[in-house]
Amino acid sequence: MINYWPLLGVALVVLGFALRFNPLLVVAVAAIVTGLLGHMPFLKVLGTLGHGFNENRYVSISYVVLPVIGLLERFGLQQRARTLIAGIRGATTGRLLIFYLAFRQVVSALGLKDVAGHAQSVRPLVAPMALAAAEKQHGKLDEDTDERVKAMSAATDNVGVFFGEDIFIAIASILLIQGTLAGFGIQLTPFQLSVWAIPTAICAFVIHGIRLLLLDRQLGARGK
Amino acid sequence: MINLHWLYVLAGAIFASFAISSARDGMNPKRWGNTAFWGLLAGSFWFGDLLGDIGNGVLVLALVAIAGMHLLGRSSTKSTTNDEREHFSRRFANRLFLPALIIPFTAFAGTLAFNYTPLKGSGLIDPKSVTLVLLGLGVIIALIVCYAWLRPPVMAPVDEGGRLADSIGWALVVPQMLAALGVIFAAAGVGATIGSIAGSILPHGSVFLAVLLYALGMVVFTMIMGNAFAAFPVMAAAIGVPILIHADGGNPAVIGAVGMLSGFCGTLMTPMAANFNIVPAALLELKNQYGVIKAQIPTALPLLVANIVILYFAAFR
């Protein structure tokens, strides 16, 4: 007999995020409720939560760049990024982000997905550049447009890394697919799998690229 | 051998510096909350392996209590003004990009140099975490260059790093918490239950419907778990292997790779993937904490359709 009660923990997460409670609180409550409904004693739940947190510390490692980024912002890095883009003729938000998308996909496909990211590159460089380009196209940005350009900068980073990294043969997700299928007696090499990441990578570039060009048209149209 | 553990020592030191920055910040009325929060994280990175599972669990609850009771604040008095920044920006010009580029360049060139020279066999760096270790090295080099060239006040990197950390706030540990939640979900059997539900509603006889259910199952389960890695083994066991590969004779490489990538479309649409979707909203100071997700949905949905088409036509030729 399958125990369906732990699914209540999933429902709690969905509800908690929808009602915009503090996500840390939502996750902690959901974790404890799910564990208890799965017939784990409280101390076991607490220990599993602590163990999982400790084992996944590498997830938070990229914040080591914050002191450098903060220091450079103190000396005008974001202002410089804006000036640079403002001086390039023909630079638009869409073209800039398409260039970044291609860069991020190619570098991730080479196995270097950690060289760029939201803290390392999007906040200090990509977002200020995208905003400066948008101001050139559009004039002064209202709050909604400003927010939209920033959100698209972050989105472009995500699309680039997600649909580039699997082309690299030694990435965790490829190894996970290989390991899972090997558990069912299906032997594949990482190369056989990573080749099949290429069609989706091309589709991602085309679909997101078209959206970025449309963003350019909207920015231009509203500015005139 | 330099492995992830050394990087944790560095990360612990940087989180400790955020705690120091918070304690120094007299303009933040909640400064002790911030100090405790970053201090606990520093403790986790330094001593996590010595605390034991229950000890780490208590540490997690303490972090949640600080965030949940709104004991975190921020102030904006620690940095230079916009005018000063414009002035610096003109003075240092494009050379300002160099220290920022030191970090990715060290990681990039260093990883290539390590992998394609005899260094790989030397045992100097753990091959599994080369890029991350070199990222840490890049941060140290960049800090030294900044000190030597820009001559900031001694505590400036501490205060500026703390300023950014405070602007992210509790969102900074959400990704790690969600990873821990995934461990609990697995221990409580959530994955197996969802897999059995997906398997039981499977329509028989239609390859296309099975492909559709497999891809959508990956998306929905990834959105719940915030991570396609958790979804893949479950959906592979429920539909991918028994139905698509064994019964229908699909190409296992396509079903594995494109199934995972369908899950990534789900990652673009869920707040549970906090490090990709919630943290950047905080870092970029967006008004809407779901702004990044909103920007990604119109890419994720057509791309999911593309994945389903690739699955159907490439796996079943």
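I looked up B:Arg151 first and placed this residue in the loop between α6 and α7 of chain B, where helices (H or I, at least four residues) and strands (E, at least two) are DSSP runs numbered from the N terminus. B:Arg151 is not a glycine, yet I read a positive phi of about 45 degrees for this residue. I note B:Arg151 as exposed because 9 other C-beta atoms lie within 10 Å; a residue is buried if 20 or more other C-beta atoms lie within 10 Å of its own, exposed if 12 or fewer, and partly exposed in between, with C-beta atoms placed from the backbone.

I keep in mind that this is a predicted model, in which local features need pLDDT of at least 70 and side-chain atom pairs count only at pLDDT 80 or more, while totals for chains, interfaces and linings use all residues. Residues are numbered from 1 along each chain as its sequence is written, and chains are lettered from A and ligands numbered from 1 in the order in which they are written.

I then turned to B:His70, a non-glycine residue with a positive phi of about 55 degrees, and found B:His70 in the loop between α2 and α3 (82-92) of chain B. B:His70 is exposed, since 11 other C-beta atoms are within 10 Å. For background I wrote down that most residues other than glycine have a negative phi.

Next came B:Gly162, which lies in helix α7 (residues 156-168) of chain B. Is B:Gly162 buried or exposed? I count B:Gly162 as buried because there are 31 C-beta neighbours inside 10 Å. Setting aside neighbours within four places in sequence, I list B:Ser17, B:Phe18, B:Ser21 and B:Ser22 as in contact with B:Gly162, contact meaning that the C-beta atoms of two residues, placed from the backbone, lie within 7 Å. I also noted that B:Gly162 and B:Arg74, 88 residues apart in sequence, are 9.6 Å apart in space from C-alpha to C-alpha.

Within chain B, I followed helix α1 (residues 4-24) and helix α6 (residues 130-150), whose axes come within 9 Å and cross at roughly 35 degrees; axes are lines fitted to C-alpha atoms, for helices over the stretch in contact, and angles run from 0 to 180 degrees between N-to-C directions. The crossing of α1(B) and α6(B) is left-handed, a term used if the near helix is turned anticlockwise from the far one by less than a right angle, with right-handed used if clockwise. B:Leu4, B:Leu7 and B:Leu10 of α1(B) meet B:Leu132, B:Val133 and B:Gly136 of α6(B).

Across the chains, I found helix α9 (residues 172-183) of chain A packing with helix α12 (residues 252-267) of chain B at an angle of about 135 degrees, their axes 10 Å apart. I therefore call α9(A) oblique to α12(B), given that angles under 35 degrees count as roughly parallel, over 145 as roughly antiparallel, 65 to 115 as roughly perpendicular and the rest as oblique. The crossing of α9(A) and α12(B) is right-handed. In this pair, A:Ser173, A:Ile177 and A:Leu181 meet B:Pro252, B:Gly256, B:Ala257 and B:Met260.

For the whole interface, I recorded 119 residues of chain B in contact with 99 residues of chain A. Helix α2 (residues 31-68) of chain B supplies the largest share of the side of chain B that touches chain A, 15 residues.
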